[in-house]
2 protein chains.
Amino acid sequence: MAKSRRLVDMLMFINTKRTFTAKELAEEFGLSVRTVQRYLLDLSELGLPLYSEKGRSGGYRVLKNRILPPILFTEEEAISIFFAYQALQYYHDLPFDAEIHAALQKFYVYLSEETKKKVDKMSAHIAFWNPKRNLDTPYLKELLEASLAGKYIEFLYDSKAGQTRKEVKPLGIYAHNGLWYCPAYSYDKQKVLLFRADRIHSLKVLEKDENMSLTLKEWLETEPVNSQPISLKVTLTHEGVRQCKGVPWLENHVKVARDGNGYIDTITDGNELNYMASFFYTLGAHAFIEEPQELIEKICCHAEETLRRYKNEVGTKDE
Amino acid sequence: MAKSRRLVDMLMFINTKRTFTAKELAEEFGLSVRTVQRYLLDLSELGLPLYSEKGRSGGYRVLKNRILPPILFTEEEAISIFFAYQALQYYHDLPFDAEIHAALQKFYVYLSEETKKKVDKMSAHIAFWNPKRNLDTPYLKELLEASLAGKYIEFLYDSKAGQTRKEVKPLGIYAHNGLWYCPAYSYDKQKVLLFRADRIHSLKVLEKDENMSLTLKEWLETEPVNSQPISLKVTLTHEGVRQCKGVPWLENHVKVARDGNGYIDTITDGNELNYMASFFYTLGAHAFIEEPQELIEKICCHAEETLRRYKNEVGTKDE
DNA sequence: CTTAATACGACACTTTTTGTCATATTAAAA
DNA sequence: TTTTAATATGACAAAAAGTGTCGTATTAAG
């Protein structure tokens, strides 16, 4: 028992030093060099990746990453980790993919047969659905690392106008609907631009780095504030209520009457009129917009234009 | 060293037996009863929750959950677990929430200061964005457990027609766009129905259970096959190409010409016409549908109806 | 060719672990 | 009520594991 404790202590010490000689450890722990060598043997048998160099100015080095002291987990905790992993299943590209698999494997081998079955089963009974994408996003890890380090990067971007060169400082990365996005600060334009990570090519990390001024989280929180407040008033049928409660930007603003019909009276973002137009268009007769007039006009204008386009076409075909 | 290994072996044995006497262990491991008692003392000092009962027909019992043997993780692996956890941050309700926090805490305390900072930082630079929902979904864990056990359940459901009583066997649960769904097999209707978990009330687990015939995974995989194949042909502007590449059901079917314009010629699901109509409506002049005629009619019909509704209303107000 | 490191075997010494025996206590079964 | 089978704990000697001190090899920098 005493030995295990000392082994753990030595592991911690080694982790922080990364490179050391047997003599150093012997003095640190009040042991003989021979014993230290025996301890190191034990540790590498336990899985610590040690590398030694003989000769003057030689010594030991820990390869790869630091290793945490042994931790006791309950099976329930292990299950919960497998559960969390389900949330990543639908992503085509992920940073840390190899590490997660290694960690899960370590848990898995120690699970009881019964729990192994439960975990296997779980992946068949839980899903965090996201559209399956086939787009490659090769620079995810680089974008993340650059944002953590506060470094500027340079890349080619497929934009509306074709490929353009960008020089920006990424704030972080986020996944939405199966795609990865990267908001990044452009020094030239003095504002944050939003990029789709799969449209980024030939990325280079620049040496220029700066203290982080803005993080992804802050940006996500402040972004919705840049809005043009506009009053929205809509009457809803029973089915309209159901549909509107299903979208996050409306769910808290739907008032329901006794008869099951509903009414929306709230302030929304005037920049989102296009999105709102297509949303209420889909609802058809289940929603009737009273305000704003601009939204009604947008919908009518779009409807007329659509009719014109298809009717004309039908006309030409008939002639 | 020999002792630690034997302690681990004993831990594993105890985990599977759950209830045992010192004599049993002594025979199993070829040790004296006295030594076994000393081992058990060590194990409970390490955190194994043991309970003992004196007297004839007494013995030991493990309380609570099984404990896994000590595992060595690298710091990178620990980081990857924190990363996976980010994917769950935006969910309002989660099964296993307490366990995940307990597990993360165990990792966190052993991380080096440097890595603690990295992990703290990460949550500010990565997000798996999902609409924030405020709907309570209290029966998530019950739905999951019932699906794993293959049990029937009974509940009240808020449907279009008001509250109705359902008796079904859940296949599993899945999250989509921040909401939890539960497909479940109805014996009455002899088919799988899809429920929104937040609309489920007063759930009761029934005793009736059956061997699983279908899992969530299988259902998700087979579901899209129940389609009505229909030919879709669309011409796209440069911007239309960009937009269509951004949606999963089209991204692989967009052909791009040299001039940047594009063309879609594929087979899709005829049941999705409503959704497709609203999608192409949003694209406006950037997409021109050639086939199917039904889709064009749907769009035109909807446009006419929309115009009629709003123009009339404007008329009555003017009078 | 000296020095400072790893590598490892041998052996005596020290510490820890283990088994045995003794004794107490408890609760079910005879 | 007595027996029996379990836990609980202490003491002590025997066994095993761990440790320190040698000695010897090997390696590579100075």
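Start your tour in chain B by selecting residues 151–159, strand β5, and residues 162–170, strand β6: the two run antiparallel and 7 bridges join them. Keep in mind that this is a predicted model. For one rung of that ladder, click on B:S159; its bridge partner in β6(B) is B:G162.

Now add residues 179–186 of chain B. That's strand β8, which runs antiparallel to β6(B) and is joined to it by 3 bridges. Zoom in on B:P170 and you'll find B:A184 of β8(B) standing opposite.

**Across to the other chain**

Next, show both protein chains in separate colours. How many residues does each chain bring to the contact? Chain A brings 85 residues and chain B brings 84. Colour chain B's side of this contact by class and you get 45 nonpolar, 21 polar and 18 charged residues.

Strands pair up between the chains, too. Select residues 173–176 of chain A (strand β7) and residues 126–129 of chain B (strand β4): they run parallel, with 4 bridges between them. Look for A:H176 here, with B:W129 of β4(B) opposite.

**Two crossing helices**

Pick helix α5 of chain A, residues 97–110, and helix α4 of chain B, residues 75–86. Their axes come within 8 Å and cross at roughly 100°. Angles of 65 to 115 degrees count as roughly perpendicular, so that is how α5(A) sits relative to α4(B). Where do they meet? From α5(A), select A:E99, A:I100, A:A102 and A:A103; from α4(B), select B:E76, B:E77, B:S80, B:I81 and B:A84. This patch has 5 nonpolar, 1 polar and 3 charged residues.

**Over to the DNA**

Select DNA strand D, which has 23 residues around it. The closest are A:S32, A:R34, A:T35, A:G55 and B:S52. Elements giving two or more residues to this surface are α3 (33–45) of chain A, plus α2 (22–29), α3 (33–45) and β3 (59–62) of chain B. By class, you'll see 5 nonpolar, 10 polar and 8 charged residues near strand D.

Finish with DNA strand C. Which residues come nearest to this strand? Of the 24 around it, they are A:S52, B:S32, B:R34, B:T35 and B:G55. Highlight α2 (22–29), α3 and β3 (59–62) of chain A along with α3 of chain B, since each supplies at least two residues here. The largest share, 3 residues, comes from α3(B). Colour this last surface by class for 5 nonpolar, 10 polar and 9 charged residues.

Technical notes: Residues are numbered from 1 along each chain as its sequence is written. Chains are lettered from A and ligands numbered from 1 in the order in which they are written. This is a predicted model: local features need pLDDT of at least 70, side-chain atom pairs count only at pLDDT 80 or more; totals for chains, interfaces and linings use all residues. A residue is near a molecule or strand if its C-beta atom, placed from the backbone, lies within 6 Å of it. Ala, Val, Leu, Ile, Met, Phe, Trp, Tyr, Cys and Pro count as nonpolar, Asp, Glu, Lys and Arg as charged, and the others, Gly among them, as polar. Two residues are in contact if their C-beta atoms, placed from the backbone, lie within 7 Å. Two strands pair if DSSP finds at least two bridges between them. Axes are lines fitted to C-alpha atoms, for helices over the stretch in contact, and angles run from 0 to 180 degrees between N-to-C directions. Angles under 35 degrees count as roughly parallel, over 145 as roughly antiparallel, 65 to 115 as roughly perpendicular and the rest as oblique.
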